[in-house]
Amino acid sequence: ADVPPEHQFDFDDPEILAKVQRGEDLGKGDQADGLPGAIHGSIGLLYAAMCSAERVEHVRIYGDLLELDGFVEYLLKYGPDFRSLDFSGCPNSMSTERLQ
């Protein structure tokens with residue numbers, strides 16, 4: 001599979017230069033969340049497809065999966081109708097903010 005080249009940041013851009021000086025992460029360049037290549041959403045879609053194919057009705061989510069941005073959102077949006085979701089495997093990752 002062909003992998004696109006790593007994004008080359010323009011260090012002459014004042015906004016990028018300011019981020020570097022503040023020590024901030026420059027992010028993914030042109031690869032914004034939700035666009036092709038964004039791994040987190042893709043993992044959610046993969047699990048959704050697998051759950052549909054295998055006719056999974058009960059799911060237990062572990063902390064590492066919950067940490068992936070958009071994982072639960074895509075799983076619920078594109079997966080089958082689940083009878084139960086168990087978040088007991090991620091007590092340190094679960095918060096009220098995540099439920100919203």
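Here are some questions and answers about this predicted model, each setting a value beside the rule that gives it its name.

Q: What makes up the protein chain, and in which order do the elements run?
A: The protein chain holds five helices and two strands. Starting at the N terminus, the order is α-α-β-α-α-β-α. Buried residues account for 18% of its 100 residues.

Q: Why is Phe71 called buried?
A: Buried means under 20% relative accessible area. Phe71 has a relative accessible area of 0%, so Phe71 is buried.

Q: What makes Tyr47 partly exposed?
A: The partly exposed class lies between the buried limit, under 20%, and the exposed limit, over 50%. Tyr47 has 30% relative accessibility, so Tyr47 falls in that class.

Q: How do you know that Tyr47 and Phe71 form an aromatic pair, and what makes the pair edge-to-face?
A: Ring centres must lie within 6.5 Å, and planes over 60 degrees apart count as edge-to-face. The centres of Tyr47 and Phe71 are 5.2 Å apart and the planes are at 80 degrees, so both conditions are met. This pair links distant parts of the chain, with Tyr47 in helix 2 (residues 39–53) and Phe71 in helix 4, 24 residues apart.

Q: Why is the pair of Tyr74 and Tyr78 called stacked?
A: Planes under 30 degrees apart count as stacked, provided the centres are within 6.5 Å. For Tyr74 and Tyr78 the centres are 6.0 Å apart and the planes are at 10 degrees, so the pair is stacked. Both residues lie in helix 4, four residues apart, which is about one turn of the helix. Tyr74 is partly exposed at 21% relative accessibility, and Tyr78 is partly exposed at 43%. By this rule, the count of aromatic pairs comes to two.

Q: How do you know that the buried residues of helix 4 line one face?
A: Helix 4 (residues 71–78) has Phe71, Val72 and Leu75 as its buried residues. Viewed down the helix axis, these buried residues fall within an arc of 90 degrees, so they line one face of the helix. On the other side of helix 4, Glu73 and Lys77 are exposed.

Q: Why does Lys77 count as exposed?
A: Exposed means over 50% relative accessible area. Lys77, found in helix 4, has a relative accessible area of 56%, so Lys77 is exposed. The C-alpha atom of Lys77 is separated by 8.3 Å from that of Ala48, 29 residues apart along the chain.

Q: What makes up the largest nonpolar core?
A: Such a core is a set of buried nonpolar residues joined through side-chain atoms within 4.5 Å. The largest one has eleven residues: Ala48, Cys51, Val59, Ile61, Leu65, Leu66, Phe71, Val72, Leu75, Phe82 and Cys90. Helix 2, strand 1, helix 3 (63–66) and helix 4 each supply at least two of its residues. Helix 4 gives the largest share, three residues.

Q: What makes Glu57 and Arg83 a salt bridge?
A: A side-chain nitrogen of Lys or Arg must come within 4 Å of a carboxyl oxygen of Asp or Glu. In Glu57 and Arg83 the N to O distance is 3.2 Å, so the rule is satisfied. Glu57 sits in the loop between helix 2 and strand 1, and Arg83 in the loop between helix 4 and strand 2 (84–89), so the pair ties together parts that are 26 residues apart in sequence. Glu57 is partly exposed at 35%, while Arg83 is exposed at 65%.

Q: How do you know that Arg60 forms a salt bridge with Asp86?
A: The closest N and O atoms of Arg60 and Asp86 are 3.7 Å apart, which is within 4 Å, so this pair qualifies. Arg60 lies in strand 1 and Asp86 in strand 2, 26 residues apart. Arg60 is partly exposed at 42%, and Asp86 is partly exposed at 30%. A search of the whole structure finds two salt bridges.

Q: Why is Arg55 called exposed?
A: The relative accessible area of Arg55 is 71%, and exposed means over 50%, so Arg55 is exposed. Its place is in the loop between helix 2 and strand 1 (58–62). Phi of Arg55 is near 55 degrees, a positive value in a residue other than glycine.

Technical notes:
Residues are numbered from 1 along each chain as its sequence is written. This is a predicted model: local features need pLDDT of at least 70, side-chain atom pairs count only at pLDDT 80 or more; totals for chains, interfaces and linings use all residues. Side-chain values use heavy atoms; hydrogens and water are left out. Buried means under 20% relative accessible area, exposed over 50%, partly exposed in between (1.4 Å probe, protein chains only). The arc is that of the directions from the helix axis to the C-beta atoms.
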